[in-house]
Amino acid sequence: MKEKTTTGIPEYSHIPPERLVKRVKIISKIQGNMILSLAIIILSIFLSFKTEGFFTTYNLINVLRQISLTSLMAIGFGIVVITGGMDISMGNVAAMVGMTVAGLFAIMKVNLFVSLVISLALGLGIGLLNGAVIAYLGVPPFIATLAMMFISQGITFEFTQGYPIYEGLTSNFLYIGQGYIGPLPVPVIIMIAMFILAHFFLNNTVLGQHIYSIGGNENAARVTGVNVSRVKLITYGISGFFAALTGVVMTARLGSAQPAAAGMDFFLTAATAAVLGGTELSGGVGNMLGILLGALFLGILNNGLTLLKISAYFQWIVTGILLILAIVWHTTQKSASGGKY
Amino acid sequence: MKKNLFILLTATLLFVFCFSFNAYSEEKKIALGLAIPYIGQEFWAVVQKGAEETAAKMPNVELTVVQSHQSPTKQLSQIEAFIAAKVNAILLPPADPSALVPAVEEANKQGIPVIGVDTAVVGGKLTSFIASNNITVGEIAGKYIADRLKGKGKIIVIGYPQHTATRQRVEGLKNVLKNFPDIQIIAEEVGKLPPDTQAQAENILTAYKQFDALFAVADVLTLPFWKVAKDLGRNKEIFFVGVDATGEALAAIEENSGYAASVAQQPYQMGALAVETAVKVVKGEKVESFTEVPVVLVTFDNLKDFKK
């Protein structure tokens, strides 16, 4: 405490600068999530008083299940966006894998476990292909995944000719989307498990740290010895995997594989959840708790507005306004804390 | 690696092209172009099947089918391509009744007959128009609901007001319900697209504790409501009515547990009739300016007859 007068930040002077940066990062992360948590609590209290159906076990469990699909996609999307990338093919890849798993299991009568493995591997493979085109051919992520969006949509419609698959989806498959473990629906458990997994992956592994550092400053990361191309490749593999997982759970949830399900609309909801949760499209910033809170907030809002008997058109308007507000608030926070945390 | 991938992509593209460019090449045939407005919907898949199978049975008829995904601009360019390729007739179920007017006018100018399918464009000249009357669809559903409720009850309506055909179904429903003052529409909601239909069904059934029937303008929209109600055990007090009689809806009706009825539009006949009419037009035979494809109410009682 000797240098009290010279540094101007006396209390922290004994902490090395890297750890100080990390501490400020954590504080602002908590702040962002706190505001969102507070918004969720206020909205929930309001809805509990204003509607009779909101604060019931049945409804709250419904909300959790409703956000599980959005969340699964938002996790993969979030990880890609943290590297400063973009994957807009996720919705259509989910639809394609949703059809694939139904086709394998219900029509070709492939064993359940094998069907699941092939379907998830398909998503992973498509993601890796996206990653290869982006990282090794240098195609911008938006363009590469836009192309993949068209390709996967085309394949889905070519093979299904627009027909849904619903016969032969037996209860052991439907369990993934409709079953319960204790009081919790299976999709909710999958969602929670994936959030925990992704959180530890990003914060406690070297690869996770590389993902943040590429998003923060790609050249700096390269100079410090990060294999940027390889990390990107893996990241898109991850988003492809999460798109596939979303597709599988979606088909099991709906009890029917719909070729037109989960298009751009659905993908954009997941992207909205990620952005509301503090993920920055410019890369380097984002965390799993924020994404979960973002999805939860959107889910409660959607549920609450219906319970308040407000029309779907109006729900879009509210979502749009909230998105702008969230980003504006986020930006002011950032400039208040002096740039990128 | 970069070079190899580039070569591979180019080769793939060439391969795809080789297989797609044989549509307009043959001469002396009756070339027909059908532009399907929505992909990924069973209804349109069946229209296409009806058209293709009918065309395949007729000698010298070559049918080219293109699809757009709810995109009037894309469909417009497809029609322009048909005109440029000088097809003998265009079959047009428009993605939008007003946005496709320029396409029809251009075809009129070039002397290519246009057969309207499902929905009529609001301008230009259609040589013939083949459709189910969507107002009739709504009226049949309304009559069934009113009869079953014995003229008294609360109902919820789920629609897609952004599309003319589905809007007309609600219009037809209301035409009938006007005569039953004790039947009350307690909510009219805008339907979402799957998978969000699931969440919407859960939320609406939570919001409205007591009602007697639900009508949605398409089976794909009615089905999730019925499934959620079944999970809640509310499928005894509420009955559900849809439109299109998709395979999934027919399976639901067969269960006889709340999915009461679906109004069938017979898309296969629609596609078949469109091709038959177009061929007649090209051969110079006389055709009706409007052919109505009849609609049928499918319930548990007549399910077996319908499936034949």
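Let's start at one proline. Pro195(B) sits in the loop between S7 and H7 of chain B. The peptide bond leading into it, from Pro194(B) to Pro195(B), is cis, with omega near 5°. Most peptide bonds are trans. Keep in mind that this is a predicted model.

Now the two elements on either side of that loop. Where else do S7 and H7 of chain B turn up? They turn up where chain B touches chain A. Four elements give two or more residues to that side of chain B: helix H1 (2–20), helix H2 (42–57), strand S7 (183–190) and helix H7 (196–207). H7(B) gives the largest share, 8 residues. Overall, 26 residues of chain B are in contact with 33 residues of chain A. On the chain B side, 13 residues are nonpolar, 5 are polar and 8 are charged.

Next, the sheet in chain B. S7 belongs to this one too. It is an open sheet of 6 strands, in the order S7-S6-S8-S9-S10-S12, with mixed pairing. Which strands stand at the edges? S7 and strand S12 (296–299) of chain B do. Each has a single partner strand, so one side of each has no neighbour in the sheet. Neighbouring strands are turned by 20° against each other on average, ignoring direction.

Let's zoom in on one pair. Strand S6 (residues 153–159) and strand S8 (residues 213–216) of chain B run parallel, joined by 4 bridges. Look for Val157(B): it stands opposite Phe215(B) in S8(B).

Two helices lie across this sheet. Take helix H8 (residues 219–232) of chain B. H8(B) lies across S6, S8, strand S9 (239–243) and strand S10 (259–264), and runs at about 160° to S9(B). Then take helix H9 (residues 247–255) of chain B. H9(B) lies across S9, S10 and S12, at about 145° to S10(B).

Still in chain B, here is a helix pair. Two packed helices are described by the angle between their axes and the distance between the axes. Helix H3 (residues 72–84) and helix H4 (residues 101–109) of chain B pack at about 10°, with axes 9 Å apart. Angles under 35 degrees count as roughly parallel, so H3(B) is roughly parallel to H4(B). Which residues meet there? From H3(B) come Leu76(B), Ile79(B), Glu80(B) and Ile83(B). From H4(B) come Pro102(B), Ala103(B), Glu106(B) and Ala107(B). The split is 6 nonpolar, no polar and 2 charged.

Over to chain A. Chain A has 14 helices and 2 strands. Of its 341 residues, 46% are buried. Now take its contacts with a separation of 6 or more. In 78% of them, the residues are 24 or more positions apart.

Pick one helix: H8 (residues 186–204) of chain A. It has 19 residues, and at 1.5 Å a residue it should span 27 Å. Its end C-alpha atoms are 26 Å apart, which agrees. Which residues of H8(A) are buried? They are Val186(A), Pro187(A), Val188(A), Ile190(A), Met191(A) and Ala198(A). What covers them? The cover includes helix H3 (57–82), H7, strand S1 (180–181), strand S2 (184–185), helix H11 (228–254) and helix H13 (288–307) of chain A.

Now some loop residues. Thr170(A) is in the loop between helix H6 (141–160) and helix H7 (171–178) of chain A. Is Thr170(A) buried or exposed? It has 11 C-beta neighbours inside 10 Å, so it counts as exposed. Thr170(A) is 58 residues from Leu112(A) in sequence, and the two C-alpha atoms are 9.8 Å apart in space.

Last, two backbone angles. Most residues other than glycine have a negative phi. Lys309(A) has a positive one, near 60°. Lys309(A) sits in the loop between H13 and helix H14 (312–336) of chain A. It has 13 other C-beta atoms within 10 Å, so it is partly exposed.

Lys150(B) also has a positive phi, about 50°, and is not a glycine. You'll find Lys150(B) in the loop between helix H5 (134–148) and S6 of chain B. With 10 other C-beta atoms within 10 Å, Lys150(B) is exposed.

Technical notes:
Residues numbered from 1 in each chain as written. Chains lettered and ligands numbered in written order. Predicted model: local features only at pLDDT ≥ 70, side-chain atom pairs only at ≥ 80, totals over all residues. Axes fitted to C-alpha atoms, helices over the stretch in contact; angles between N-to-C directions. Parallel < 35°, antiparallel > 145°, perpendicular 65-115°, else oblique. Contact = placed C-beta atoms within 7 Å. Nonpolar A, V, L, I, M, F, W, Y, C, P; charged D, E, K, R; others polar. Buried ≥ 20, exposed ≤ 12 C-beta atoms within 10 Å, placed from the backbone. Pairing = 2+ DSSP bridges. Expected span 1.5 Å × (residues − 1).
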